[in-house]
Amino acid sequence: MAQSTETTDWVSRFADEVIEESERRAPGKPLVVASGLSPSGPIHLGNLREVMTPHLVADEIRRRGHQVRHLISWDDYDRYRKVPAGIAGVDESWAAHIGKPLTSVPAPAGSSYPNWAEHFKAAMVEALAELGVEFDGISQTAQYTAGAYREQILHAMKHRADIDAILAQYRTKKAPAKKQQQKPLDEAELEAAEGSGAAGEDDGSSGSAGYFPYKPFCGNCEKDLTTVTSYDDDTTELSYTCNECGFAETVRLNEFNRGKLVWKVDWPMRWAYEGVVFEPSGVDHSSPGSSFQVGGQIVGIFGGKQPIGPMYAFVGISGMAKMSSSRGGVPTPGDALQIMEPQILRWLYARRRPNQSFKIAFDQEIQRLYDEWDKLDAKVADGSALPADVAAHSRAVRTAGGELPRTARPLPYRTLASVADITAGHEDQALRILSELDPTDPLTSLDEARPRYDKAEAWINTHVPADQRTIVREEPDAELLKSLDEASRESLRLLLDGLEANWSLDGLTHLVYGVPKVQAGFPADATPKELPPEIKTAQRTFFALLYHLLVGRDTGPRLPTLLLAVGQERVRSLLGE
């Protein structure tokens with residue numbers, strides 16, 4: 001059996017299992033892994049785990065030289081279940097479309113796409129391209145309306161009693177109690193599998209004629225609010241009535257393509273049809289009586305086997321409450337890629353096992369996240385990183401097809417954010433500041449810092465509240481300067497005297513931390529272990545004074561960056577020289 005050199009990470013272990021299982025089931029054929037997404041609204045970052053888990057496994061299998069297909073089933077033939085909140089151009093009048101296939105619902109106002117499903121699918125396709133995810137997309141509308149599953153539908157109808165018996169084992173089970181209180185948005189856990197076909201679907205049409213695992217869409221109003229009233233296995237003649245508009249008709253199911261199998265039958269049918277070996281499932285699909293568990297029994301009716309694959313955990317969001325309600329309240333992969341490079345987003349999904357929950361930062365935590373990534377990048381470069389970290393890093397920066405585009409000069413994200421904040425869109429000023437960070441190797445073009453600079457700028461503009469933005473004073477605070485005691489004036493003199501000689505990021509860092517040490521009679525380069533605790537207090541007091549004199553607050557961007565941004569001449573003026 002082929003083995004990866006990266007045997008310490010979860011991706012490699014699953015790849016081993018999938019290769020073994022595929023050889024047992026379909027020796028010599030391409031391996032098949034799968035994901036399912038419903039474009040019923042914005043496809044959020046929880047749904048992305050449905051794609052990234054098999055993508056990472058498929059990519060590892062490709063790296064080992066095997067042929068593999070990653071299928072993404074677009075469940076665009078699912079019913080439109082409800083009017084989503086917070087989507088521009090959509091109000092309660094859209095409730096008239098509930099029950100129609102997603103591809104029969106108009107796109108939101110102003111969209112250039114032909115229908116609701118295509119509108120929300122497009123944003124996800126764009127994000128997956130930026131993330132380097134290679135996949136084969138399958139439209140379930142196209143499959144069903146082309147008659148691709150006709151034999152499977154007729155087979156399911158013939159074996160409806162067997163399917164009903166399996167489902168009946170779970171129908172009497174008591175549903176879990178509903179949560180009494182919803183978590184606030186910034187603590188919300190995004191259900192990773194929400195909207196992937198299961199939610200809100202019934203088990204089938206159970207009228208006076210018995211149970212049927214197939215739902216026709218009404219020939220008049222297009223809705224699935226129908227009941228099958230009779231079916232003949234020999235002729236495939238099916239009659240139904242619409243409970244919405246009263247329309248009734250009789251069709252031959254062996255030539256009728258306007259309907260679909262109910263979800264708990266549709267999913268296992270596709271496992272058998274596509275030969276899926278690996279597909280993860282969210283916690284909602286993995287509980288007792290859920291679609292994954294029931295599907296494991298129903299798939300045998302279609303002559304197939306249930307895929308192997310983990311149950312995956314929630315993805316949380318920090319800073320979510322600050323997001324614009326026009327985006328629907330839940331951030332999408334596209335939202336994340338506005339503020340972080342694709343490598344970082346890939347890394348978040350690669351470094352945690354599927355059953356481990358994690359959060360994606362839209363608040364100040366994103367700066368700490370980037371610091372952590374840059375440290376890992378340096379450790380990988382010098383060979384000091386742990387094997388599992390090397391593996392996660394490798395999966396973040398490249399796929400089997402090659403390296404993802406990356407920033408040529410990856411300057412610290414927090415520094416870029418501070419510069420973008422202070423310069424407010426003036427690229428010439430941003431370049432001036434960034435070129436002074438390291439005088440020995442100055443940045444010569446802002447493009448060297450892209451796309452990271454653009455991501456940091458987008459984060460500042462979209463996720464930092466206006467009252468936390470940095471506005472440099474136009475004039476010195478004469479009243480504050482006049483009120484300073486001799487010690488405070490001395491600290492400002494020490495800083496101003498050292499500005500010219502220390503005008504770089506490292507130099508100014510050394511200078512601003514060193515002033516309180518020198519004032520207290522210690523060398524500027526004395527380490528914290530060599531200093532009494534009160535020096536930290538003196539440093540905080542000094543920093544607060546500088547912030548007040550420069551930006552009128554007691555906090556702000558890192559002082560060395562702020563000083564560079566303001567410029568020497570203006571710093572001297574604002575500090576009262």
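**Internal cavities and a three-stranded parallel sheet**

Three cavities of 30 Å³ or more are present in the structure, which is a predicted model. The second largest cavity encloses about 70 Å³ of space. Its lining consists of Glu341, Gln343, Ile344, Trp373, Asp377, Arg406, Thr407, Pro410 and Arg452. By residue class, the lining of the second largest cavity comprises four charged, three nonpolar and two polar residues. The charged residues are Glu341, Asp377, Arg406 and Arg452, while Ile344, Trp373 and Pro410 are the nonpolar ones. Gln343 and Thr407 make up the polar part. Two helices, H11 (342-350) and H12 (365-382), each contribute at least two residues to this lining.

The model also contains an open sheet of three strands, arranged in the order S1-S2-S3 with parallel pairing. Strand S1 (31-37) and strand S3 (136-139) form the edges of the sheet, each pairing on one side only. On average, neighbouring strands of the sheet are turned by 25 degrees against each other, direction ignored. Strands of a sheet pair through backbone hydrogen bonds, in either a parallel or an antiparallel manner. Strand S2 (residues 68-74) runs parallel to S3, and four bridges join the two strands. Within this pair, Ser73 is placed opposite Ile138 of S3.

Helix H3 (residues 116-130) lies across the three strands S1, S2 and S3. The direction of helix H3 is at about 155 degrees to that of S2.

How values were computed: Residues are numbered from 1 along each chain as its sequence is written. This is a predicted model: local features need pLDDT of at least 70, side-chain atom pairs count only at pLDDT 80 or more; totals for chains, interfaces and linings use all residues. Side-chain values use heavy atoms; hydrogens and water are left out. On a 1 Å grid over the protein atoms alone, a cavity is a set of points where a 1.4 Å probe fits but cannot get out, and a pocket is an open set with protein on both sides within 12 Å along at least five of seven lines; lining residues have an atom within 4 Å of a point. Grid points are joined across faces, edges and corners, and a volume is the space filled by probe spheres set on the points. Two strands pair if DSSP finds at least two bridges between them. Axes are lines fitted to C-alpha atoms, for helices over the stretch in contact, and angles run from 0 to 180 degrees between N-to-C directions. Contact means heavy atoms within 4.5 Å.
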